[in-house]
Amino acid sequence: ADLWLWFVLWSITFLLFNSDTQLWFTIACTFLGLATTLKQRAWHVQAFITEHAPAKIPSRFARKVMPYSKIVDNFSVAFPFVWDRIIEFMRYEDDIDGNMMGMLAFHSAQRERDSVRYADLYSPVQPELPEEEGEFRVQLPRLFNWKNASETCFKTYCGVPDRNEPTDGDVRWRLTALARGLGLPMARPYRAPYIPAITVLIPHYGEQILIEKKELVARDKGADVPLIHWLRQKYPEEFDAFTARMKSRFHTWPTVGDLWVRYSDEQWDKLCYWASMRLQTLFRTVAGMCLYYPALQCHYEMQADVRSPLAAPDVWKPEELFTCLVSMQMYKYFNKTQLKHTNAMFKKFPASFKVAFIDCEARGEGWHRDEVSKTQDRRYFSCLLTRDCPEDVDGRRAPVYRIELPGYPILGDGKGDNQNHAIPFMRGHYSQCIDANQGAYFEQMLMLPNALGEFRPGARGDGLSKRIVGFPEHITSDIGSIGDFAASAEVAFGTILQRTYSVLGARMHYGHPDIMNKVFMMQQGGVSKATKTINLSEDIFAGMD
């Protein structure tokens, strides 16, 4: 009887599961998305499976990302310098150590491998390019050595380690994603200094900006170890790379591992930055988005049209093309810790980083003259902060611009209104909306001119040019089954279904890193909007428009 009951219950469950329309819709979208991917690669299935994609990075990078630079035998003479800058970012982020940096880079002195500083990453790339083609000689890193099909399959699909590749899983994914992405059809990139301007908009309400020492060492209820100890155990190779980099800069840096009481307050500040880049913090998101700045500068130095007056050194400025705008809805009510963390971002990141927030004050006596509604007790303003704004004794900055709003701005659930009030401070023709729990990599930011090229109309006056261009996210979670389920759901909606929708010319924006035509979105009422308590998501309306 128990066996029969078990059979009946599971049979009904299986029948209901298969009757779910969403299941078959997802399966159909999966196959259609796979067919779309193979079609983009000209149905070269065998080549997609067996080719050693990293070996083709130099040639594809020269042809698709830097076609305006000097190219010799299908190889850009500027590529070694750009690639070394990519590796330097990986070393500064502690994803690789000094030895791996030496194996992956073209030029890397042993003494410089552990002494990469943040200022070095934003310094100009000044290569001594050869005048004649015959003078160009360079030795490729072993990563770009060609492998035959059997060796590729043996090391890729059988789990055999390759001594020429990084051991860090995230770095391997970054290199594979770059190689595979370069194999896809890409729009012709804009050439500096003619690259259109773009603003990255990040909404922020109460998310963590920077992690603090007390939060890293605290033992919460149910926690067996402090958070910093968990991070040390989760990222052991990255922590060792971080320690080596700190010891090259500070001779007093201790080699004590996880004996946290041995670190001084100044050293804990560095540890907090390291931990913040491995947690869901606003600092990590802004750090990733601000990589557009050195990427644009790299394009300017490597392949700018020097004949244009706009390319003059005293005219070209990356901050004129890129703005990272964080819309901090609650900045007016920040405490001293939040103000300290916000000012730390102003000091850390380039001048293109700015903050918008909502300010309010009493109606005052002149409300009749300004035609303020009699039912409105307060006046609301959309304000802009830059790194040059003065600070008071608490660290709160005075806005450089202050625009009065027609009333209380929060009409929906908050996020959409928090984004839309900052639109007047967005520079450029395009906007990219990013949630405050995302990051970015430098090698992907180098393809911004290609991404903006997707908006290029087919002909002058073409009314069917793209209004929104979507991008997939690399979503990871290895902290348990719940995290795996959530990550899988995001992959299903953000990648599989969106790839299918693109066949129909649609994109359902859901807080992902999509680039939009800002002028068009302003005509539709903003980038995000929803009715309070009715609509579950406000982001999706940007795609529906």
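What span should the 13 residues of α16 cover at 1.5 Å a residue, and how far apart are its end C-alpha atoms? The expected span is 18 Å, and the end C-alpha atoms of α16 are 18 Å apart, so the two values agree. The model in which this helix is found is a predicted one.

Helix α16 comprises residues 336-348 and lies across three strands, namely β4, β5 (353-362) and β6 (378-385). Relative to β5, the helix runs at about 145°. Just at the start of α16, N335 places a side-chain oxygen within 3.1 Å of the backbone nitrogen of T337. Further along, the buried residues of the helix are L339, H341, T342, N343, A344, M345 and F346. These buried residues pack against β4, β5 and β6, and also against two helices, α13 (265-276) and α14 (282-289).

The strands beneath discussion here belong to an open sheet of 8 strands with mixed pairing. Its order is β7-β6-β5-β4-β3-β8-β10-β9. The edges are taken by β7 (401-404) and β9 (468-469); each has a single partner strand, so one side of each is left without a neighbour in the sheet. Within the sheet, β3 (residues 198-204) pairs with β4 (residues 322-328) in the parallel sense, over 7 bridges. One residue pair can be picked out to follow this pairing: T199 has T323 of β4 as its bridge partner.

Another part of the model brings two helices together. Helix α11 (residues 227-234) and helix α12 (residues 236-249) have axes that come within 5 Å and cross at roughly 100°. That angle makes α11 roughly perpendicular to α12, because crossings from 65 to 115 degrees are counted in that class. On the α11 side the contact is made by R232, Q233 and K234. On the α12 side the residues are P236, F239 and D240.

The last stop is F48, which is found in helix α3 (residues 45-50). Is F48 buried, exposed or partly exposed? Its relative accessibility is 28%, so F48 counts as partly exposed, since that class lies between the limits of 20% and 50%. Leaving aside residues up to four places away in sequence, F48 touches R41 and R180. F48 can also be placed relative to I496: the two are 448 residues apart in sequence, while their C-alpha atoms are 19 Å apart in space.

Conventions:
Residues are numbered from 1 along each chain as its sequence is written. This is a predicted model: local features need pLDDT of at least 70, side-chain atom pairs count only at pLDDT 80 or more; totals for chains, interfaces and linings use all residues. Side-chain values use heavy atoms; hydrogens and water are left out. Two strands pair if DSSP finds at least two bridges between them. Helices (H or I, at least four residues) and strands (E, at least two) are DSSP runs, numbered from the N terminus. Contact means heavy atoms within 4.5 Å. Axes are lines fitted to C-alpha atoms, for helices over the stretch in contact, and angles run from 0 to 180 degrees between N-to-C directions. The expected span of a helix is 1.5 Å times one less than its number of residues. Buried means under 20% relative accessible area, exposed over 50%, partly exposed in between (1.4 Å probe, protein chains only). A polar contact is a pair of N or O atoms within 3.5 Å; within protein, one must be able to donate a hydrogen and the other to accept it, and residues adjacent in sequence count only if both atoms are side-chain atoms. Angles under 35 degrees count as roughly parallel, over 145 as roughly antiparallel, 65 to 115 as roughly perpendicular and the rest as oblique.
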